[in-house]
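User: I'd like a close look at one part of this model, with enough of the surroundings to place it. Here it is.

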Amino acid sequence: MAFSLLSIPTFLYPHPNYISLKPHHSHLHFPLKPLRLPCLRRLLAIGPDGKYYPNPSDDDPPEAPEDSMHGVDKFQQIYLQAGRARKIQEEDFNKHKSNYLSAIADVDEDVLNKETTGNDDGDDLFGEIDKAIAMKRQELVEQGLLEPAPKKAEAVDDELDPDEVVDLEEIDQLRGLTVLSNSDDGETEDSDEEDSSKFDVGLNDSEGKKREKDKVNLLDSSFDFDLDSFGKSKARIVEPKFKMSLAELLDESKVVPVSVYGDLEVEITGIQHDSRVVSVGDLFVCCVGKRTDGHLYLSEADKRGAVAVVASKEIDIEDTLGCKASVIVEDTNLVLPALAASFHRYPSKNMAVIGITGTNGKTTTSYLIKGMYEAMGLRTGMLSSVAYYIHGDNKLESPNTTPDAVLVQNLMSKMLHNGTEAVVMEASSHGLALGRCNEVDFDIAVFTNLTRDHLDFHGTEEEYRDAKAKLFARMVDPERHRKVVNIDDQHAPFFIAQGNPEVPVVTFAMENKNADVHPLKFELSLFETQVLVNTPHGILEISSGLLGRHNIYNILAAVAVGIAVAAPLEDIVRGIEEVDAVPGRCELIDEEQAFGVIVDYAHTPDALSRLLDSVRELAPKRIITVIGCPGESDRGKRPMMAKISTDKSEVTILTSDNSKSEDPLDILDDMLAGVGWTMQDYLKYGENDYYPPLPNGHRLFLHDIRRVAVRCAVAMGEEGDMVVVAGKGHETYQIEGDKKEFFDDREECREALQYVDELHQAGIDTSEFPWRLPESH
């Protein structure tokens, strides 16, 4: 049972502007010659005039426009359900179309023209059915699926000759629409929900344009077509297929086994290290992790169809069902990236790969760089903590910041196979330390910043820093590689020194004006960020929908990457400005309320501090912050998070955030230590339903149910305030114990705003709640 620690009313519980003002000549760390765009080193589509002409595959369909919606609210769910219902109805209609049309072809439409009698007692049920059928026939006639009913002879004989009647009928037929053919069967399987409006493909051009606004659904006139998406569909993503013998795989990956047993000529059609996703023909690699050992799941992988196994312990394949070979190596975790890259034909070697590392800002910077590369006309994929993009708007959900070694190569091979030319990738400390990126051929390394995080995994800050630095250690080719570094960060010299010192470096900063890329001035508001950026090639004026000072750093990082690859300045500006928002990163929730609501992923002390500083620069009347700390992670940052929030927010509500196996109250007790309180102190205050202000005059509350905490914060909001819900951002789940349930801070904020609005409309004054009663005690 949840333990409510904040006394609240029960009804809060859930039921291209480009300007080059002047030339600017500052010195980079390499000669000022145009830098070669790394991705172009592998492109052959360069014309004799020196310009780049994209040459996409003939099979590649057009890309869908960038989706600006983030999260799926209830209305969108209803819309999708309606779309699926339409699709089912359409499929049923197409399957039985001849039956439907023949059944309704002879219906008399004159029933619609008959005057109703005075008997209106509602008993004429069959008459109403006849009218409904006649109306449906009229709809099908308008769609061109049925011919109009022949006119009564007596209605035309008085005015037209028989020959004229025939001519008139022929004219009517020519003006009507033809019946749809069934020649498009090959496309049925590839149709998406968005193609549900393709009933009318039989329209000729002139009639189609004329009648587009008068379209009605064939089966239910209450279903309206989405004309905005008519004729549009997502690009069809083709899955690449690979296969090779086990002997070829070992040879090409240069893996030296300790011993080999069985048939090395067995054909491998996939690689997996998770027994739950093994399929027939796969090679199963028994990796050893912190919590489990893949060797324990060999039998499950065998039952699912694995034909060979790579292990670090002696195993017996005699008793297996389908394993025909086993390979013993010293470290399966070490060889997994090499095997995966070799099996997928080293896809990263044929694309430009930009790796981004640092504690904060990786995701937003990834979106900005992706937008910039696409503005340059390059198909760009992305691997981030929010989502995986094949290219354009072709999106897959991402479970981790850095996917595992097998998934990295699988996704990159899929990108390459579908025409992707560049990839932007978040390189997390976990992914770098665990070798997930070992076989990724990076061209550019970007460093955003470094602060305390993930010490539960790395142990010390030095080990955390060294893991991040592995990305820069791979920058060794001055002709191809580039380093992009934030020199406002104290760790910048360490990252610059990694790898080959001859590799060119492009620096960016807000405070250090010696940086190659830095702002001349900027303006922050609740609606946009305007910044004038100085670069070695000119001055850029950028207007972005990304809010806050911390996002200026992200913009500068993207600009620095553009300078590093000699991108056209107008493409840099256009690409950055096209990114209006990033899911869960300072995302503004707007339900036309009188105060601001922001959802952000800030889950480290530094990130939270930067976020609240940025919000303070927007000059709100008050900042109301909701924050929690996850379980089974760095306990040392818990009091720091509470201290930062209470110092920089007028009101703080502590709550749960993926408590996992820990007791949420224990986590909250750790956080309260940041203000010198204990859980017993807080409960004592609660006995009188009064929680005293902190020494700095700010208020502190807590509630172990996150949904309630969010609603309390929204209920406190008044005109000019800013409510900040931090910690989860884009995440759409809450983990408590062994349960993982759907939870989205953005949707909770929207629902809370609606509930509070209903309270106000009901005449309930939220100013009378306990957090507004210091004067009465």
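How much of the chain's 777 residues do buried residues make up? Then zoom in on Arg638: which residues are linked with Arg638 in a network of salt bridges?

Analyst: First off, this is a predicted model. Buried residues make up 50% of the 777 residues in the chain. The chain exposes about 37,500 Å², and carbon and sulfur atoms supply 50% of that area. In secondary structure terms, you're looking at 24 helices and 26 strands.

Now for Arg638. Its partners in the salt-bridge network are Arg635, Glu662 and Asp670. Within that group, the side chains of Glu662 and Arg638 meet at 2.7 Å, N to O. That contact links distant parts of the chain, 24 residues apart: Arg638 belongs to helix H20 (residues 638-648), while Glu662 is in the loop between S22 and helix H21 (664-672). Arg638 counts as buried because its relative accessibility is 0%, and the cut-off is under 20%. Glu662, at 22%, lands on the other side of that cut-off and is therefore partly exposed. As a general point, side chains of opposite charge can pair when their charged atoms come close.

Strand S22, which comes before the Glu662 loop, covers residues 651-656 and runs parallel to strand S21 (residues 623-629), with six bridges joining the two. In that pairing, Cys629 stands opposite Ser656 in S22. Zoom out a bit and S21 and S22 turn up in an open sheet of six strands with mixed pairing, in the order S19-S20-S24-S21-S22-S23. The edges are strand S19 (587-588) and strand S23 (699-702); each has a single partner strand, so one side of each has no neighbour in the sheet.

How does the Arg638 pair sit among other salt bridges? The whole structure has 30 of them. Another one to look at is Arg480 with Asp443, where the side chains meet at 2.7 Å, N to O. Arg480 lies in the loop between helix H15 (461-469) and strand S14 (482-486), and Asp443 in the loop between helix H13 (429-433) and strand S13 (444-447), so the pair ties together parts 37 residues apart in sequence. Here Arg480 is buried at 16% relative accessibility, and Asp443 is buried too, at 1%. For a pair with some exposure, try Arg304 and Glu300, which meet at 3.3 Å, N to O. Arg304 is partly exposed at 37%, as is Glu300 at 26%.

For another piece of sheet, check strand S17 (residues 529-535), where six of seven residues are buried. It pairs antiparallel with strand S16 (residues 518-524) over six bridges, and a hairpin of four residues joins S16 to S17. S17 also pairs antiparallel with strand S18 (residues 538-544), this time over seven bridges, and two residues sit between them in that hairpin. If you want anchor points for viewing, Pro519 stands opposite Val533 in S17, and Gln530 stands opposite Ser543 in S18.

Last stop, some surface charge. Glu248, Asp251, Glu252, Asp263 and Glu265 gather in a patch of negative charge. Among them, Glu265 is placed in the loop between strand S2 (259-262) and strand S3 (267-268), and it is exposed at 56% relative accessibility.

Notes: Residues numbered from 1 in each chain as written. Predicted model: local features only at pLDDT ≥ 70, side-chain atom pairs only at ≥ 80, totals over all residues. Heavy atoms only, no water. Buried < 20%, exposed > 50% of the residue type's maximum accessible area, 1.4 Å probe, protein only. Pairing = 2+ DSSP bridges. Patch = residues over 30% accessible without salt bridge, like charges linked within 9 Å, V, L, I, M, F, W, Y side chains within 5 Å. Areas by Shrake-Rupley, 256 points an atom, 1.4 Å probe, with all protein chains shown as cover. Salt bridge = Lys/Arg side-chain N within 4 Å of Asp/Glu carboxyl O. Lys, Arg positive; Asp, Glu negative; His and termini not counted. Charge placed at Lys NZ, Arg CZ, Asp CG, Glu CD.
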